[in-house]
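Here is a friendly walk through one protein model, from its overall make-up to a few residues worth finding on your screen. Keep the structure open beside the text as you read.

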Amino acid sequence: MTDVSVETPGTNTNGDASADGNENPDATTDANPDANADVTAIGPLTELADDDLELLLLIRHFERKLLDLFGQGELNGTTHTCLGQEYVPVSLRPLLEDRDFVFSNHRGHGHYLSRFRDPAGLLAEIMGREGAVCSGVGGSQHILRDRYLSTGVQGQSLPVAVGAGLHQLRTDPGSLVCAFIGDGTWGEGAVYEALNMAQLWRVPLLVAVEHNGIAQSTPAEANMAGTIEGRAAAFGIRYQRVASLDVNAVRAGLAPLVREVREQRSPLVVEFVTHRIGPHSKGDDTRTREQLAHAREHDWYRLYGAAFPEHFESWDGKVRAEVDEIARDVAGRPPAVWSGSCA
Ligand SMILES: Cc1ncc(C[n+]2csc(CCOP(=O)(O)OP(=O)(O)O)c2C)c(N)n1
């Protein structure tokens with residue numbers, strides 16, 4: 001089983017841990033995407049391009065704002081934030097093309113914002129206000145826009161993704177279908193039917209597994225026999241483990257693999273060893289103080305902030321203020337009216 005508890009950020013590939021995980025002696029300002037492309041280890045962080053940093057911070061502040069708004073009683077329904085996992089869709093962002101399909105899950109705000117950079121449309125959707133991407137009928141979990149679809153039903157997306165992939169094969173060879181699922185979703189039988197068909201029919205399917213080690217309140221150790229790697233292998237499906245938090249390295253390391261999904265119609269499972277910083281939903285965190293501290297140690301926000309303080313701070317305040325402004329604007333809008341279709 002993948003052990004998400006043994007990784008220590010600040011540990012270089014030689015295994016030498018820095019004193020508190022903050023120092024990053026090997027940090028380089030070289031944003032060369034080919035640098036440090038080892039995705040299997042938590043290596044040194046390389047400096048982010050402005051665009052990536054801005055997007056990471058947009059997702060982080062968006063999610064924080066949502067929890068604030070819920071706390072103030074401003075929102076209805078439910079929400080699952082991706083705090084701590086923002087770097088996953090940001091790393092994949094340029095590897096996905098507009099013609100690709102993206103299937104997201106209940107923890108999908110980062111997936112949506114990485115694809116569309118539309119915080120106002122998403123917040124309006126969650127608040128049920130004018131400008132909502134699905135007229136406010138989808139809320140946090142059920143969004144349809146162009147070739148992007150999210151669902152709150154665990155395991156629902158993979159069979160649909162395989163169907164969409166078959167369609168793509170016929171209509172637009174070279175495009176792919178990406179589905180995001182969590183580790184807990186490997187308990188759903190539909191996942192295996194989908195993997196079987198994807199490999200049998202050579203569907204260009206990229207499964208991005210955000211393995212944060214917990215499914216709502218159940219630790220992975222308590223619900224998963226074997227490993228995700230072993231489960232992919234059972235179907236002869238290629239597998240890549242990603243432990244790195246470095247956006248440049250992850251992107252460079254995955255680029256050739258994703259190209260093979262497209263060009264060779266070779267399904268791929270990528271398991272991101274990641275950490276959920278926030279609660280499962282709004283305030284339901286069942287983890288111990290030690291487990292939470294461990295998760296926070298792996299927070300890209302803290303680690304990038306420590307490695308590149310000037311660059312980080314120059315964007316952090318700006319993006320936070322932008323999100324505050326968007327929230328004020330959206331909260332002042334009239335209720336959304338169903339238009340008969342999504343955006
Ligand atoms: C079919 C189904 N069963 C149960 C739920 C309730 N539920 C929502 S999220 C979740 C846990 C999901 O865990 P995981 O797949 O690991 O994703 P994570 O929340 O960790 O991102 C559960 C049990 C659901 N949404 N759908």
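Burial comes up throughout, so here are its cut-offs: buried means under 20% relative accessible area, exposed means over 50%, and partly exposed is in between, with a 1.4 Å probe and protein chains only. The model is a predicted one, where local features need pLDDT of at least 70 and side-chain atom pairs count only at pLDDT 80 or more, while totals for chains, interfaces and linings use all residues. Residues are numbered from 1 along each chain as its sequence is written, and side-chain values use heavy atoms, with hydrogens and water left out.

**The whole protein**

The protein has 12 helices and nine strands; these are DSSP runs numbered from the N terminus, with helices (H or I) of at least four residues and strands (E) of at least two. Of its 343 residues, 57% count as buried. About 13,800 Å² is exposed, and carbon and sulfur atoms supply 49% of that area, as computed by the Shrake-Rupley method with a 1.4 Å probe. Among contacts with a separation of 6 or more, 75% are between residues 24 or more positions apart; contact means heavy atoms within 4.5 Å.

**Salt bridges**

Side chains of opposite charge can pair when their charged atoms come close. A salt bridge here is a side-chain nitrogen of Lys or Arg within 4 Å of a carboxyl oxygen of Asp or Glu, and a search of the whole structure finds 20 of them. Three are listed below.

| Pair | N to O distance |
|---|---|
| Arg-93 and Asp-52 | 2.8 Å |
| Arg-99 and Glu-97 | 2.7 Å |
| Asp-285 and Arg-287 | 2.9 Å |

Take the pair of Arg-93 and Asp-52, which form a salt bridge. Arg-93 lies in the loop between α2 (87–92) and β1 (101–104) and Asp-52 in helix α1 (residues 50–71), so this pair ties together parts that are 41 residues apart in sequence. Arg-93 is partly exposed, with a relative accessible area of 23%, whereas Asp-52 is buried at 2%. Both belong to a network of salt bridges that links Asp-51, Asp-52, Glu-54, Arg-93, Arg-117 and Arg-251.

For the pair of Arg-99 and Glu-97, Arg-99 is partly exposed at 28% relative accessibility, and Glu-97 is partly exposed at 32%. In the remaining table entry, Asp-285 counts as partly exposed at 28% relative accessibility, while Arg-287 counts as buried at 13%.

**A buried glutamate**

Which side chain of opposite charge is nearest to Glu-125? It is Arg-145, 9.8 Å away, and Glu-125 is buried yet has no salt bridge. In this count Lys and Arg are positive and Asp and Glu negative, with His and the chain ends not counted. Glu-125 sits in helix α4 (residues 119–127), and its side chain reaches the backbone nitrogen of Ser-135 at 3.4 Å. Leaving aside neighbours within four places in sequence, the residues in contact with Glu-125 include Ala-132, Val-133, Cys-134 and Ile-143.

Arg-145, found in strand β2 (residues 144–145), has polar contacts of its own. A polar contact is a pair of N or O atoms within 3.5 Å; within protein, one must be able to donate a hydrogen and the other to accept it, and residues adjacent in sequence count only if both atoms are side-chain atoms. The side chain of Arg-145 makes one with the side chain of Tyr-112 at 2.8 Å, and another of 3.1 Å joins it to the side chain of Asp-118.

**Backbone angles and a buried leucine**

Most residues other than glycine have a negative phi, and most peptide bonds are trans. Asp-146, in the loop between β2 and β3 (148–150), has a positive phi near 45 degrees. With 59% relative accessibility, Asp-146 counts as exposed. Gln-216, in the loop between β6 (214–215) and β7 (218–219), has a positive phi of about 60 degrees and is partly exposed at 48% relative accessibility.

Is Leu-245 buried or exposed? Leu-245 is buried, with a relative accessible area of 5%, and lies in the loop between β8 (238–242) and α9 (247–264). Leu-245 and Asp-299 are 54 residues apart in sequence and 8.7 Å apart in space, C-alpha to C-alpha. Leaving aside neighbours within four places in sequence, Leu-245 is in contact with Leu-45, Tyr-87, His-298, Leu-303 and Tyr-304.
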